[in-house]
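The following dialogue examines a structure through questions and answers. Please consult the sequence and coordinates alongside it.

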Amino acid sequence: MEFLHALMDFTFLQNALLGGFLASLGCGVIGPYVVVKRISYLVGGIAHAVLGGVGVAYYFDWSPFGGALAAAVLAALLIGWVSLRWRLQEDMLIGAFWAGGMAIGILFISRAPGYNVDLMSYLFGNILLITRDDLLLMAGLDAVILALVMVFHRQFQAVCFDEQFARLRGVGVTQFYLLLLCMVALTLVLLIQVVGLILVIALVSLPAAVAGQWVRSLGAMMLLATILGAVVTLFGLGLSYGPDLPSGATIVLVSALAYFLSTLMMGIRKRRVQG
Amino acid sequence: MIARPVIELAGIYAGYGGPNVLQDVTLDVGGGEFLGLVGPNGGGKSTLLKVILGLLRPTRGQVRVLGTAPLRARRQVGYVPQYVEFARDFPISVGGVVLMGRLGQSPPLFGYRRCDRAIAMHSLREVGLVDLCERPIGELSGGQFQRVLIARALATEPEILLLDEPTANLDPRAERDLFGLLKKLNRRMTILVVTHDIAFVSEYVARVACLNRELVCHTTEPLTAETIERLYGHPIRFVQHEGHG
Ligand SMILES: Nc1ncnc2c1ncn2[C@@H]1O[C@H](COP(=O)(O)OP(=O)(O)OP(=O)(O)O)[C@@H](O)[C@H]1O
Ligand SMILES: [Mg+2]
């Protein structure tokens, strides 16, 4: 309750909450594709490779946000292409990008002039530092993601559902798969400030996975996952505020709990139906 | 009787990097024809369909579909695969799957049109599954699921329909219904069906091609015991199905 009062008084908390909601929208829309296509590991690879871009941007004194965005899109295209080309070795290749990207990031950051970098906020997020400009950027990314989904949802759905059939219907499977991964990359960038790139994969996949247990269409999954994401952010932020816990980690923990709870309830319901 | 061929295969060799799976296959399928394709497991039937669909490029020989390259004719060809790769727990309804058949036909941006939905419903009706339209795809029996795949192929409004063992999971009655439906569809499209049910084929199908790496025979006569023995390598007892209709 202390949190609610603080929320009235402090703009930084309002910004944080709004940022969390904007991020929930992005991952609520993209998360279901990631879950049904079963590419969480691939998305984890992209997320971690982003650190490489951030490191390079710091070293050359470019905008870290730009670095993260460029690195995310580049990593999405590279990892996506590699996983299409060498399906059988996909696991190892993603692992290599995952670790390689992080290593590049760490090396560049360690050599960056002045080494006063708040590396931690990239790794674990810093939702309380979200500014008005950040919010505008996040809203912009959301708009791009939403627009693309509205225009091409059928193609994305077909590519996730049955690639061969989509190809036979004249859908450019490779192009749409890579476009989808680029949208995932945008979502990751959205989320980095909220929970940090180590934990983003949780917020992309967990709310969508919970939604997938309760509804039976991609559209409904998107709606439910967005709402869940927002609720989870609100709770996480509220819980972390009083005792001054890291908010990103708290938010992720709340969403993991929600997932376990939902799985448990699903199990009970199934048993009742069968029993 | 055979009109201009809609599928032309000339001296096709194809494989998956190893030894050739198809050897020197030459076959024309006429417009409006109803062709059965039979042969032993591993005989290359599915491979031949993939060549026709342009999913597999032959190492030698020429394929033409509707007078052009398979890749360009693709959208006019409906396909019911033998296996599907997708997850059965995918959150989509039966109607949603069938609607996907409209993808190549409907304009590429935004959602489906009203006429797309009408066509999808019509296809579902043809395979007798309208009642299951809202059912999640994961809650179907094997045979119902197979009929959904057929409806999806019909929703593409194809000129040629390729079916790879569409009766594998069907009960005898559904199988008879399906062949009846194919017969009806044959009035407006060319049909090529892979099957192991030789008795049925010879009853419904106008012409049968037997494939065992090479084309062993194609005949408009009812299959004889000798051809079947030559094809499968051992005699097969004809199982006579109960009368239909
Ligand atoms: N994706 C693949 N990669 C490698 N070899 C394959 C592949 N698919 C099929 N083959 C090989 O090609 C041969 C022909 O396979 P195909 O699937 O065309 O047979 P089929 O006539 O459809 O058999 P069935 O009646 O069992 O469906 C088989 O020997 C098989 O081992
Ligand atoms: Mg086969």
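The exchange below turns to ligand surroundings and then to helix packing.

This is a predicted model, in which local features need pLDDT of at least 70, side-chain atom pairs count only at pLDDT 80 or more, and totals for chains, interfaces and linings use all residues. Residues are numbered from 1 along each chain as its sequence is written, chains are lettered from A and ligands numbered from 1 in the order in which they are written, and side-chain values use heavy atoms, with hydrogens and water left out.

User: Which polar side-chain atom lies 2.7 Å from an oxygen atom of ligand 1, by residue?

Analyst: Polar contacts are pairs of N or O atoms within 3.5 Å. A backbone N or O atom of B:Gly42 is 2.9 Å from a ligand 1 oxygen, and a side-chain N or O atom of B:Lys45 is 2.8 Å from a ligand 1 oxygen. The distance of 2.7 Å belongs to a polar side-chain atom of B:Ser46.

User: Which helix gives the most residues to the shell around ligand 1?

Analyst: The ligand is surrounded by 13 residues, where being near requires a heavy atom within 4 Å. Helices are DSSP runs (H or I, at least four residues), numbered from the N terminus. With three residues, the largest contribution comes from helix 1 (residues 45–53) of chain B.

User: How are helix 10 and helix 12 of chain A oriented to each other?

Analyst: Axes are lines fitted to C-alpha atoms over the stretch in contact, with angles from 0 to 180 degrees between N-to-C directions. Helix 10 (residues 200–214) of chain A packs against helix 12 of chain A at about 20°, with axes 9 Å apart. Angles under 35 degrees count as roughly parallel, over 145 as roughly antiparallel, 65 to 115 as roughly perpendicular and the rest as oblique. The two helices of chain A, 10 and 12, are therefore roughly parallel.

User: What is the handedness of the crossing of helix 4 and helix 5 of chain B?

Analyst: The axes of helix 4 (residues 114–126) and helix 5 (residues 142–155) of chain B come within 8 Å and cross at roughly 135°. That makes helix 4 of chain B oblique to helix 5 of chain B. A crossing is left-handed if the near helix is turned anticlockwise from the far one by less than a right angle, and right-handed if clockwise. For helix 4 and helix 5 of chain B, the crossing is right-handed.

Notes. Polar contact = N/O pair within 3.5 Å; in protein donor to acceptor, adjacent residues only side chain to side chain.
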